[in-house]
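Visitor: I would like to take a close look at a single part of this protein and then see how other parts are arranged. Could you walk me through it?

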Amino acid sequence: MTGGTQLYEQSEFPIFQNRMYESALAARACPRGDIRLVQDGTSGLVRNTAFRPELMTYDATYQNEQAHSSVFKTHLDRVATIVMRYLGTDRLVEVGCGKAYFLELLQSHGCSVTGFDPTYEGANPAVHRHHFGAGATVAADGIVLRHVLEHIEDPFGFLQSLRDANGGGLIYIEVPCFDWILRARAWFDIFYEHVNYFRLRDFARMFGRVVDGGRLFADQYLYVVADLATLRAPVADPGDRVDFPADFLATATSSPAAALNGSTTVWGAASKGVIYSLLRERSGHPVHGLVDINPAKHGKFVSATGLRVMSPGEAMATLAPGSDICVMNSNYLAEVRTITRDRFNLIGVDHE
């Protein structure tokens, strides 16, 4: 990738938003890196040119499992339907399967599937605890790549390696939707871990044959089902320049409604909540507490700010009725309201 237009810049971001720490001191001392988003002049793709891949080592302290939420499980059910419709149920491979919830969902539907992920903690013999790469035999009828490609420094080269190892075949790709991030001014959705930021039309330039594609999860994600055999190097379209909003950071530097009472609690101690808390702290409007439904995060501390994560039960016992809570993802507003028995004033942070 060469040349291009710089879109956005930040410094000293945690390199892992979802790595949990045993103390606030260790969390604040987390490794950090810079962000310099550039739309490449040759490929038209958007990436962080300040990214350093040698810093990235994923292990069991990395906690990004979202399947504790019934809302997210519904999303995964829809994804499973798409995967089985186009890729079938035999000889599937999921590259970057995480804690294997989706892999096991496919298995529950009768799919034959093998997974690869170094952060896996369970005992499913179908999962290999290492990266998919040289020496791994794919031989798949279909490849599933959910929320992986945004983490890969050279996404086209990575797709080439999958194509060459498998001799083509269909692939399901799901990534965050950059168009939604820009439209919603979701500055808390740009992370160091995410090297790349994709739009649906980027995949139309990378594949000669896209079987299906669209948006999921209230437009926050996009997906494509494409023929790996038709992979081609993307070429920039001079008329397709990213229009980065001048007011992208407006809500990062002003006090939201939830800070008016002098205290801000955030529901969601994953990537969005970590970056939201960091930039709010830098703007002089710090977050005072984080809540998450993932048991692996309870009592632990998040990167950069060192904030401790409460369980929903602890939040219910600690916060006064009517307290303001910023919900990092509005997809979960109804679920949070049910969990908390409508005890708090919930404010959706992401909105268009």
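Visitor: Let me start with one residue: does Asn48 count as buried or exposed, and what is its relative accessibility?

Guide: Happy to take you through it, and please keep in mind that this is a predicted model. Asn48 counts as buried, because its relative accessibility is 0%. You will find Asn48 in strand 3, which covers residues 46-48.

The side chain of Asn48 has polar partners on the backbone. A polar atom of the Asn48 side chain lies 3.1 Å from the backbone oxygen of Asp34. The side chain of Asn48 also reaches the backbone nitrogen of Ala50, at 3.0 Å. If you set aside the neighbours within four places in sequence, Asn48 is in contact with Asp34, Ile35, Arg36, Leu37, Tyr192 and Val195. Asp34 thus appears both in that contact list and as a polar partner through its backbone oxygen.

From there, let us move to the sheet. An open sheet of 7 strands follows the order 6-5-4-7-8-11-10, and its pairing is mixed. At the edges stand strand 6 (127-128) and strand 10, each with a single partner strand, so one side of each is left without a neighbour in the sheet. Strand 6 runs parallel to strand 5 (residues 113-116), and 2 bridges join them. Within this part of the sheet, Gly115 stands opposite Val127 of strand 6.

Helix 3 (residues 101-108) packs on the sheet, where it touches strand 4 (92-95), strand 5, strand 6 and strand 7 (142-146). The direction of helix 3 makes about 175 degrees with that of strand 5. Helix 4 (residues 155-166) lies across strand 4, strand 7 and strand 8 (170-176). Relative to strand 7, helix 4 runs at about 160 degrees. Strand 4 and strand 7 are therefore touched by helix 3, and helix 4 lies across them too.

Strand 8 deserves a pause. It is mostly covered, with 7 of its 7 residues buried. Strand 7 and strand 8 pair in the parallel sense over 5 bridges. Arg146 has Glu174 in strand 8 as its bridge partner. The charged end of Arg146 also sits over the ring of Phe102, 5.0 Å from the ring centre. A similar arrangement involves Arg19, whose charged end sits over the ring of Phe16 at 4.2 Å from its centre.

That brings us to the aromatic rings. A pair of rings is described by the distance of the centres and the angle of the planes. The whole structure holds 13 aromatic pairs. One of them joins Trp187 and Phe188 edge-to-face, with 5.2 Å centre to centre and 70 degrees between the planes. Trp187 and Phe188 are both buried. Another edge-to-face pair is formed by Phe217 and Tyr332, at 5.9 Å centre to centre and 65 degrees between the planes. Phe217 lies in the loop between strand 10 (210-216) and strand 11 (221-227), and Tyr332 in the loop between strand 15 (324-327) and helix 9 (333-339), so this pair ties together parts that are 115 residues apart in sequence. Phe217 is buried, with a relative accessible area of 9%. Tyr332 is buried as well, and its relative accessible area is 14%. Ring pairs also link Phe217 and Tyr332 with Phe72 and Tyr221 into a cluster.

Finally, here are two residues with some accessible area. Arg185 is found in the loop between helix 5 (178-183) and strand 9 (196-197). With a relative accessible area of 29%, Arg185 is partly exposed. A polar atom of the Arg185 side chain lies 3.0 Å from the backbone oxygen of Leu182. Apart from neighbours within four places in sequence, Arg185 is in contact with Pro245, Asp247 and Phe248. The C-alpha atoms of Arg185 and Met56 are separated by 27 Å, and these residues are 129 residues apart along the chain.

Asp77 sits in helix 2 (residues 70-87). Asp77 is partly exposed, with a relative accessible area of 38%. Between the C-alpha atoms of Asp77 and Glu9 there are 36 Å, with their places 68 residues apart along the chain.

Terms used. Residues are numbered from 1 along each chain as its sequence is written. This is a predicted model: local features need pLDDT of at least 70, side-chain atom pairs count only at pLDDT 80 or more; totals for chains, interfaces and linings use all residues. Side-chain values use heavy atoms; hydrogens and water are left out. Helices (H or I, at least four residues) and strands (E, at least two) are DSSP runs, numbered from the N terminus. Buried means under 20% relative accessible area, exposed over 50%, partly exposed in between (1.4 Å probe, protein chains only). A polar contact is a pair of N or O atoms within 3.5 Å; within protein, one must be able to donate a hydrogen and the other to accept it, and residues adjacent in sequence count only if both atoms are side-chain atoms. Contact means heavy atoms within 4.5 Å. Rings of Phe, Tyr and Trp (its six-membered ring) pair if their centres lie within 6.5 Å; planes under 30 degrees apart count as stacked, over 60 as edge-to-face and the rest as tilted. A charge sits over a ring if NZ of Lys or CZ of Arg is within 6 Å of the ring centre and within 35 degrees of the ring normal. Two strands pair if DSSP finds at least two bridges between them. Axes are lines fitted to C-alpha atoms, for helices over the stretch in contact, and angles run from 0 to 180 degrees between N-to-C directions.
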